[in-house]
Structures are given as structure tokens and as C-alpha cells.
Amino acid sequence: QVHLAESGGGLVEPGESLRLSCVASGNIRGVVDMGWYRQVEGNQRELVATMNLSGSKKLADSVKGRFAISRDNINKAAYLQMNNLNADDTAVYYCNARLVIEGDIRAREFWGQGTLVTVSS
């Protein structure tokens with residue numbers, strides 16, 4: 001079984017920062033992509049930031065210049081540093097990973113349980 005453990009969400013005021021963490025565990029052969037999506041109730045889940053094994057990054061236009069994604073490939077972890085948060089960033093943030101399970105050759109997609117980020121004064 002594979003588990004993505006997220007942490008770091010919470011309530012902050014506009015302009016403040018948060019750092020989300022995601023650690024993958026289980027019978028994992030290798031992690032291809034790791035990243036973060038977010039979802040506001042009633043809306044579709046949207047990409048925030050992803051990073052592949054070679055270090056190539058993709059960030060949503062709405063977070064460029066404020067958010068940064070990083071990975072620790074040895075520990076199968078991904079981090080999302082979120083700076084200058086505003087009310088529009090309020091959402092449930094989900095860790096996403098494409099990884100290969102032991103005994104398999106195909107990359108499969110997994111999701112974390114989500115962590116709530118609330119930006120409010």
C-alpha cells in the first residue's frame with residue numbers, strides 16, 4: 001500500500017506564509033512526479049505546482065512569484081512553500097504523486113487526504 005502523508009495546513013492572515021509537506025511511504029519503487037493541487041468546495045481541483053524527477057517545475061500562474069515547490073527524492077517528500085498568502089488561496093490542498101510500486105513497471109497516480117489552508121483576517 002502507498003500512503004501520502006500531508007502536513008502544514010492551517011489558518012493564517014493575508015500576507016503570511018505556510019509550508020506544506022508531503023511524504024510518500026509504502027512499497028514504492030520510485031517516485032516520478034510529486035506536486036500539489038487545491039480545491040475549493042463546488043469547484044474543480046486545480047493544479048498548484050508539480051515537480052518531476054529531473055527537477056522540472058510547473059506552477060499555476062496565480063501562484064508564480066509567491067509559491068515554490070521542492071522535493072527530497074531520497075525521502076520521497078515534496079514541499080510547498082507558500083508566501084504572501086491571500087484569501088483566494090483558501091482551499092483544501094492535496095498532495096499528488098505519480099509513482100511506481102514494487103513489482104510494477106507503470107507509474108500510478110496517488111492522492112493524499114488533503115490539508116486545509118485558510119487565509120483570513
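These are my notebook entries on a predicted model, covering its strands, its nonpolar core and one threonine.

**Ground rules.** I number residues from 1 along each chain as its sequence is written, and my side-chain values use heavy atoms, with hydrogens and water left out. As the model is predicted, local features need pLDDT of at least 70 and side-chain atom pairs count only at pLDDT 80 or more, while totals for chains, interfaces and linings use all residues.

**Entry: the open sheet.** I looked up the strands, taken as DSSP runs of E of at least two residues, numbered from the N terminus. Four of them form an open antiparallel sheet in the order β1-β3-β8-β7. The edges are β1 (2-7) and β7 (67-72), each pairing on one side only. From one strand to the next, the twist averages 15 degrees. (Axes here are lines fitted to C-alpha atoms, and angles run from 0 to 180 degrees between N-to-C directions.) Pairing requires at least two DSSP bridges between two strands. β1 and β3 (residues 18-26) run antiparallel and share six bridges. I found His-3 opposite Ser-25 of β3.

**Entry: β11 and its partners.** I checked β11 (115-119) next. Strand β2 (residues 10-12) pairs with β11 in the parallel sense, over three bridges. Gly-10 has Val-117 as its bridge partner there. β9 runs antiparallel to β11, with three bridges joining them. Here Tyr-93 is matched with Thr-115. Thr-115, Val-117 and Val-119 make up the covered face of β11, and Leu-116 and Thr-118 the uncovered one. In a regular strand, side chains alternate between the two faces of the sheet.

**Entry: the core.** I took a nonpolar core as buried Ala, Val, Leu, Ile, Met, Phe, Trp, Tyr and Cys residues joined through side-chain atoms within 4.5 Å. The largest has 32 residues, and Trp-36, Val-48, Phe-67, Leu-80, Met-82, Tyr-93 and Leu-99 touch the most other members. β9 (91-101) is among the strands that supply at least two residues. In fact β9 gives the most, six residues. I followed Tyr-93 outwards: beyond four places in sequence, its contacts (heavy atoms within 4.5 Å) include Trp-36, Val-48, Phe-67, Leu-80 and Met-82.

**Entry: Thr-50.** Is Thr-50 buried or exposed? Thr-50 is buried, because its relative accessibility is 18% and the cut-off is under 20% (exposed is over 50%, partly exposed in between; 1.4 Å probe, protein chains only). Thr-50 lies in strand β5 (residues 46-52). Outside four places in sequence, Thr-50 contacts Met-34, Gly-35, Tyr-37, Ser-56, Lys-57, Lys-58 and Ile-69. Ile-69 is 19 residues away in sequence, with a C-alpha to C-alpha distance of 7.1 Å.

Technical notes:
Helix = DSSP H or I, 4+ residues; strand = E, 2+ residues; numbered from the N terminus.
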